[in-house]
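Hi everyone, thanks for making room for me today. Please have a look at the sequence and the structure, and then I'll walk you through a few places that caught my eye.

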Amino acid sequence: MSFSDSETSSHGGEYKNFKQISRDRLLHEMIRTSGSGDSRSSWKVLIMDKVTVKVMSSTCKMADITDQGVSLVEDLFRRRQPLPTMDAIYFIQPSKENVVMFLSDMSGREPLYRKAYVYFSSPIPKDLVARIKNDTSVIPRIGALGEMNFEYFPIDSQGFVTDHERALEELFGESAQNSRHAEASLNVMATRISTVFASLKEFPFVRYRAAKGKDGSTATNFRELVPGKLASAIWNNITMYQTSIPNFPQKETCELLILDRSVDQIAPVIHEWTYDAMCHDLLDMDGNKYVHEVPSKTGGAPEKKEVLLEDQDPVWLELRHTHIADASERLHDRFTNFVTKNKAAQMEKRDGGEVSTRDLQKMVQALPQYNEQKERLSTHVEIAGELNKVIRETGLRELGQLEQDLVFGDAGTKEVIHFLRTKQDTAGENKLRLMMIYASVYPEKFEGDKAAKLMQLAKLSPEDMKAVKNMRMLEGSEKRKPSGSFSLKFDSQKKANAARKDRTGEEETWQLFRFYPVIEELVEKMCKGDLSKDDYQCLNNPQSGTRQANGSSAKNVPPKATESTNPRSVRSRRTPNWARSRTSDDGYSSDSSLRSFSTDFKNMGQRIFVFIIGGATRSELRVCHKLTSKLRREVVLGTTSLDDPPQYITKLKLLSEKELSPKVQDAFYIRGADCIVSGASFIVFARRT
């Protein structure tokens, strides 16, 4: 009952990155191969449920689906018109309700469709298989029945989420202890993570942050046991794949490190100064959608236009992980050179005079590309300008400097109090984020009534105070902490009152670019084999005392990374310098610089997967791209949700609530489409003739 994928993992075959494999599986292995092949009716209907439509939306564009012969996409639970001459592809979860609906569609004398090709997003229970087999009228109408094992949501070429927006609340909140919601959440999470390894045909070394009390004994607090519980559930699922999925590896081919949000409570709230992070932090964006005004083509009032900031935009792909100042300079150079060197732009700038036939021909040939490139560059120039305006108006540079000085031990209480007294017009959210960083570095300053006095100085409300107080809830057992205080975990090898230490061997090019998430150090240590086996235990390591899967021997240990051959430079602590000259070779993609952000996946080592329970940040996603190039191993980040600072702070405040908050109905769109897919809605594509 299994449906396997192509040989594209790191243990053999042509190397494709995480997102490419995910897309290929849905389009080529599921949609393209489904259908009778009858030329009289080559079009197909794609039927999905609430979860699988999100999977499809996050992985493919609408045009991708139609190119594979799908003319109609419908909701499984919506009343549908019979199309007895067309084949249907069912991509659904293996639930009782879904199976009953499928059987209702295809049973009886007049089924809705000619043939049904059914693919389940995760392993289907045996009782549901038996239920399908027992319906004798349906069996002859089934063209394929298999487990697609694809129930995760790609958000990036090297990132995915499991769509657990309430993971912090369900697993670490006041009501988490022994909650059935918590156990159910972990089980679904484990299933979805496991399908990542099924899709990529990877068998991981499963490592997780071990739970320990203050005295070194095994912790019993549910919150601290979460990473271990999730690791065990994933392990159980993956070992079953070894017998259910053809050609699934029998020995370890990659590494998985499971963490929770307590590993780094600074990354979600500190101001990250890359173009990507600042767009989502400072602008009013809806997911990856940026809305701006453009001049009306008819000469009327400005019109609103939506732009998707995603991988299909080469300018976005180049700039997203660069410092905002670097991005601004590059955009200025690109636009200047584009206008200077582009033939159509030169013709447009002419005030009059005769234009030769040859020049006119060149202008016409350049116009389609010119308009697209000009519009794309103009959009990013506008975005960068808006970001720099917000930075200036909110005094963000000074705040950002204080944040990073706190993290690296170069500032303390004196500097924080001075800032709060002299910058009283600073936005409340920014002061709250500063307080959360301060609490992480100086937890003793929040003992007793000290926290209330600090909040009073910052003019923050009791509701905001919850965010700081609830940080301790992520830490789990109170046995770790002295009475009346809480501590946040960071690398023990650090100078006093510093949450990070400057990393040697890396050049600091821009001001406010010192900060790095904790996972950067953890992944590098794991790659070198230096990650503590006591603090980060391995389920399938012989030394852990746990049974090795399929008798694999001790020699199957995670490989150490070879040292980079790149020359190392001493990190520079530069004085404030916001601008730097930079030249560009052409008017658009410059692409010496395009080469700088693309990653060559040839001759890559084994993959590394990092999963963060409770939400991840854009800085952590950026680090995974950085480490992929540095370590020559694709680093894939998985998480329950990708959170920007306001979202994370809201979730943190909910931890102290006695009851779970109402679940918000999400809306997902199929990229490239004009309509939203949510609840019982459906999409109809125009049928081509």
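Let me begin with a question: where is the place of aspartate 163? Aspartate 163 sits in the loop that runs between strand S7 (159–161) and helix H6 (167–172). I should say right away that this is a predicted model. What draws me to aspartate 163 is its backbone: phi is positive, about 65 degrees, although the residue is not a glycine. As background, most residues other than glycine have a negative phi. And is aspartate 163 buried or exposed? With a relative accessibility of 18%, aspartate 163 counts as buried, because the cut-off for buried is under 20%.

There is another residue of this kind to show you. Lysine 459, again not a glycine, has a positive phi near 60 degrees. You'll find lysine 459 in the loop between helix H17 (450–458) and helix H18 (462–469). Here the surroundings are open: lysine 459 is exposed, at a relative accessible area of 57%.

Now let me zoom out for a moment. The protein has 689 residues, and 55% of them count as buried. There are 22 helices and 17 strands. If you take the contacts between residues at least 6 apart in sequence, 81% of them join residues at least 24 apart. The accessible surface comes to about 30600 Å², and carbon and sulfur atoms account for 49% of that.

On to helix H5, residues 126–133. Which residues of H5 are buried? They are Leu128, Val129 and Ile132. These residues cover an arc of only 105 degrees around the axis, so they lie on the same side of H5. Turn to the other side of H5 and you meet Lys126, Asp127 and Lys133, which are exposed. As for what the buried residues pack against, the partners are H4, strand S4 (116–120) and strand S5 (142–147).

Follow the chain past S5 and you come to asparagine 149, in the loop between S5 and strand S6 (153–156). Although it is in a loop, asparagine 149 is buried, with a relative accessible area of 1%. What is asparagine 149 in contact with, leaving aside its neighbours within four places in sequence? The list includes Arg25, Phe120, Ser121, Ser122 and Pro123, and also Thr195, Ala198, Ser199, Tyr241 and Ile245.

Next, the aromatic rings. The count comes to 14 aromatic pairs. One of them is formed by tyrosine 90 and phenylalanine 102, an edge-to-face pair with 5.1 Å centre to centre and 75 degrees between the planes. Tyrosine 90 belongs to strand S3 (residues 87–92) and phenylalanine 102 to helix H4 (residues 96–106), so this pair ties together parts that are 12 residues apart in sequence. Both partners are covered: tyrosine 90 counts as buried at 0% relative accessibility, and phenylalanine 102 counts as buried at 1%. Notice that H4, where phenylalanine 102 lies, is also one of the elements that the buried residues of H5 pack against. Elsewhere, Phe18, Phe150, Tyr152, Phe160 and Phe611 form one aromatic cluster.

Some rings have a charge over them, too. Arginine 514 lies over the face of phenylalanine 408, at 4.1 Å from the ring centre. The charged end of arginine 500 sits over the ring of tyrosine 516, 6.0 Å from its centre.

Tyrosine 516 leads me to valine 623, in helix H21 (residues 618–631). How many residues apart in sequence are valine 623 and tyrosine 516? The answer is 107, while their C-alpha atoms are 7.9 Å apart in space. Leaving aside its neighbours within four places in sequence, valine 623 is in contact with Pro517, Ile519 and Glu520. Valine 623 counts as buried, at 1% relative accessibility.

Last, the cysteines. How many disulfides does the structure hold? The number is 0. Cysteine 279 counts as buried at 0% relative accessibility, and cysteine 538 counts as buried too, at 7%.

That's my tour. Thanks for listening, and I'm happy to go back to any of these places with you.

Note on methods
Residues are numbered from 1 along each chain as its sequence is written. This is a predicted model: local features need pLDDT of at least 70, side-chain atom pairs count only at pLDDT 80 or more; totals for chains, interfaces and linings use all residues. Side-chain values use heavy atoms; hydrogens and water are left out. Helices (H or I, at least four residues) and strands (E, at least two) are DSSP runs, numbered from the N terminus. Buried means under 20% relative accessible area, exposed over 50%, partly exposed in between (1.4 Å probe, protein chains only). Contact means heavy atoms within 4.5 Å. Accessible areas come from the Shrake-Rupley method with a 1.4 Å probe; for residues, only the protein chains shown count as cover. Rings of Phe, Tyr and Trp (its six-membered ring) pair if their centres lie within 6.5 Å; planes under 30 degrees apart count as stacked, over 60 as edge-to-face and the rest as tilted. A charge sits over a ring if NZ of Lys or CZ of Arg is within 6 Å of the ring centre and within 35 degrees of the ring normal. A disulfide is a pair of cysteine sulfur atoms within 2.5 Å. The arc is that of the directions from the helix axis to the C-beta atoms.
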